[in-house]
Amino acid sequence: MDDHVHTTPEDEHDSAYSGLLVNDAHWAFGAAPVPDGHGEDPLAGVDTTIPDGVDAATLATYALMLGDDALVMSHRLSEWTSNAPDLEDDIALSNISLDLLGQARLLLARAAKADASVVPVLPEGSPVPPEDALAFFREAQDFRNVRLAELVNGDFAEATVRVLLFSTWRLAIFERLRASRDHVLAAVAAKGVKELAYHRDYSARWFVTLAQGTDESRRRLLAALDLLWPLWPELFDTHAFEAAAAAAGVGVDPTSVREAAEGVLEQVLAAADVPRPEAPRRVGVLGRTGRDGMHGEPLGRMLAEMQSVARAHPLGQW
Amino acid sequence: MRLMSRTPLQRARRAAESVTDPELPMLTLLDLGVLRDVDVVGDSHVVVDITPTYSGCPAMAAMRDDLVRELRGAGFDRVDVRVCLDPAWTTDWITPEGRAALAAAGISPPGPAPSSDGPIPLTLLPTARQVRCPQCESPATELVSEFGSTACKAQYRCTSCLEPFDHVKEI
């Protein structure tokens, strides 16, 4: 350490490094590994018992759907880091991305605990935890996220509209998921509601600001809304696994939150003086959409980048 | 030899309660409300429950490692750190000592957390908070952004002394 940073007593007060050299046990990286800790299991000590009468595959697939929505949306938002119009919004989008990544980690871990057969098999001796195996070692057609999350990023207005639609819908789902019979899903939802409320308010305020700003900001906002609107109805489709999870009391039927989500969106549109778009929904391919693993080409390219390092080193220790 | 006269539970509590938050080092995990329970379950075996502040809080792994290190140092060979997701952490759990430590470090402590039961109302105007500047104590402050240097903080600025500062946002 002395070789890298040398301070004399006289200049210590002015050195930006001096504060870093005390109490360095706090630094996570470079600290001695913990031999008998629980490693990194995000659900260590959490009751992951499957509730009575619930099919393990149904619970796992439902958790994967919610987890994949968060993971893919998180990654797209992370691509904004260092690219946003100003520092405050760069930090805001990164924070939203981080919240969603945390939700994704818990939900993918929950899926793996409910039904280990959903987790890709890695080479023997691989230290990759199950939630990472799900994130980094599945193909695009195994992802069950809604297609809204995966689109290639546009301008800041597009990010604003996407976060507004996504968080309005997800918050409506999570408000009800708090009553899930599954302890993990209920807990993830109870925490997620608080986070998503900040995401929704942030994007709704920017939506109004851009709509009521300059001609150019309004033009861009309306263009973004027209672009994304065809994917809004897909969020409220009920997939067979969602229907089964809802019937078992562990999940939420998306159709049941449509009215609540539309009500919130109407408030934002009214405050922004933006008419509700009329563009028809984007149909699936042979009736299949994101929940069925039917995605647009951009998801494959996004995953290729997101997964490349993990796949190159399946035995890697991070 | 006062140390020897403490019970194992007292020793474990004292060690666990001394661990500080990696991102808010002026706060112990106890002050922050992240440390939920400490229990000695057997010969030199201690179980600690912690709760994450935010789902994606990157400090959880560091907190876990720090707890294990401190408790090992206090003579416990086996340390289990469990994650407690329910009930979800709220800023209302930050202790009065913790709030004082935040303010002393130039960070505005949180007000009462909003209720998160039932439908969450949409808020189109900046969150109404009565935030005082931690530097000059002026009430003339304005919100810069609801998202700050860590997941748990918003950015403010004081319109009297013009200093920017962090505010721990209510959840």
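Author: A definition to start with: helices are DSSP runs of H or I with at least four residues, strands are DSSP runs of E with at least two, and both are numbered from the N terminus. This is a predicted model, in which local features need pLDDT of at least 70 and side-chain atom pairs count only at pLDDT 80 or more, while totals for chains, interfaces and linings use all residues. Residues are numbered from 1 along each chain as its sequence is written, whereas chains are lettered from A and ligands numbered from 1 in the order in which they are written.

Reader: Thanks! What percentage of residues 125–169 of chain B is strand?

Author: UniProt, in an unreviewed entry, lists this span as "domain: PaaD zinc beta ribbon". UniProt positions follow the numbering used here, feature names are shortened, and annotations may be inferred rather than shown by experiment. The end C-alpha atoms of the span lie 16 Å apart. Its helix content is 0%, and its strand content is 36%.

Reader: How far apart are the end C-alpha atoms of residues 12–74 of chain B?

Author: In an unreviewed UniProt entry, these residues carry the feature "domain: MIP18 family-like". The stretch is 38% helix and 22% strand, and its end C-alpha atoms have a separation of 7 Å.

Reader: In what order do the elements of chain B run?

Author: Chain B has five helices and seven strands. Its C-alpha atoms fill a box of roughly 55 × 40 × 20 Å along the principal axes. Read from the N terminus on, the order is α-α-α-β-β-α-β-α-β-β-β-β.

Reader: Which strands stand at the edges of the three-strand sheet in chain B?

Author: Two strands pair if DSSP finds at least two bridges between them. The sheet is open, with mixed pairing and the order β1-β2-β3 in chain B. Two of its strands have a single partner each, so one side of each is left without a neighbour in the sheet: β1 (35–42) and β3 (78–83) of chain B.

Reader: How many bridges join β2(B) and β3(B)?

Author: Along this pair, V47(B) stands opposite D80(B), and H45(B) faces R78(B). Strand β2(B), residues 45–50, pairs with β3(B) in the parallel sense, and the number of bridges is six.

Reader: Which residues of β3(B) are buried?

Author: A residue is buried if 20 or more other C-beta atoms lie within 10 Å of its own, exposed if 12 or fewer, and partly exposed in between, with C-beta atoms placed from the backbone. The side chains of β3(B) alternate, and R78(B), D80(B) and R82(B) point to the face that is not buried. Pointing to the other face are the buried V79(B), V81(B) and V83(B).

Reader: What do the buried residues of α2(B) pack against?

Author: Those residues are A12(B), R13(B), A15(B) and A16(B). Seen down the axis of α2(B), they fall within an arc of 165 degrees (taken from the directions from the helix axis to the C-beta atoms), so they line one face of the helix. Two residues are in contact if their C-beta atoms, placed from the backbone, lie within 7 Å. The packing partners of these buried residues are β1, β2 and α4 of chain B.

Reader: And which residues of α5(B) are exposed?

Author: Helix α5(B) covers residues 96–104, and its buried residues are G98(B), A101(B) and L102(B). They cover an arc of only 100 degrees around the axis, which puts them on the same side of α5(B). That buried set packs against α3 (29–32), β4 (107–108) and β7 (164–168) of chain B. On the other side, the exposed residues are P96(B), E97(B) and A104(B).

Reader: Over in chain A, are α5(A) and α6(A) parallel, antiparallel, perpendicular or oblique?

Author: The axes of α5(A), residues 183–211, and α6(A), residues 215–228, come within 7 Å and cross at roughly 125 degrees. Axes are lines fitted to C-alpha atoms, for helices over the stretch in contact, and angles run from 0 to 180 degrees between N-to-C directions. Angles under 35 degrees count as roughly parallel, over 145 as roughly antiparallel, 65 to 115 as roughly perpendicular and the rest as oblique. That makes the relation of α5(A) to α6(A) oblique.

Reader: Last one: which element gives the largest share of the side of chain A that touches chain B?

Author: The contact takes 47 residues from chain A and 36 residues from chain B. Elements giving two or more residues to the chain A side include α2 (87–114), α4 (156–177) and α8 (258–272) of chain A. The largest share, 17 residues, comes from α5(A).
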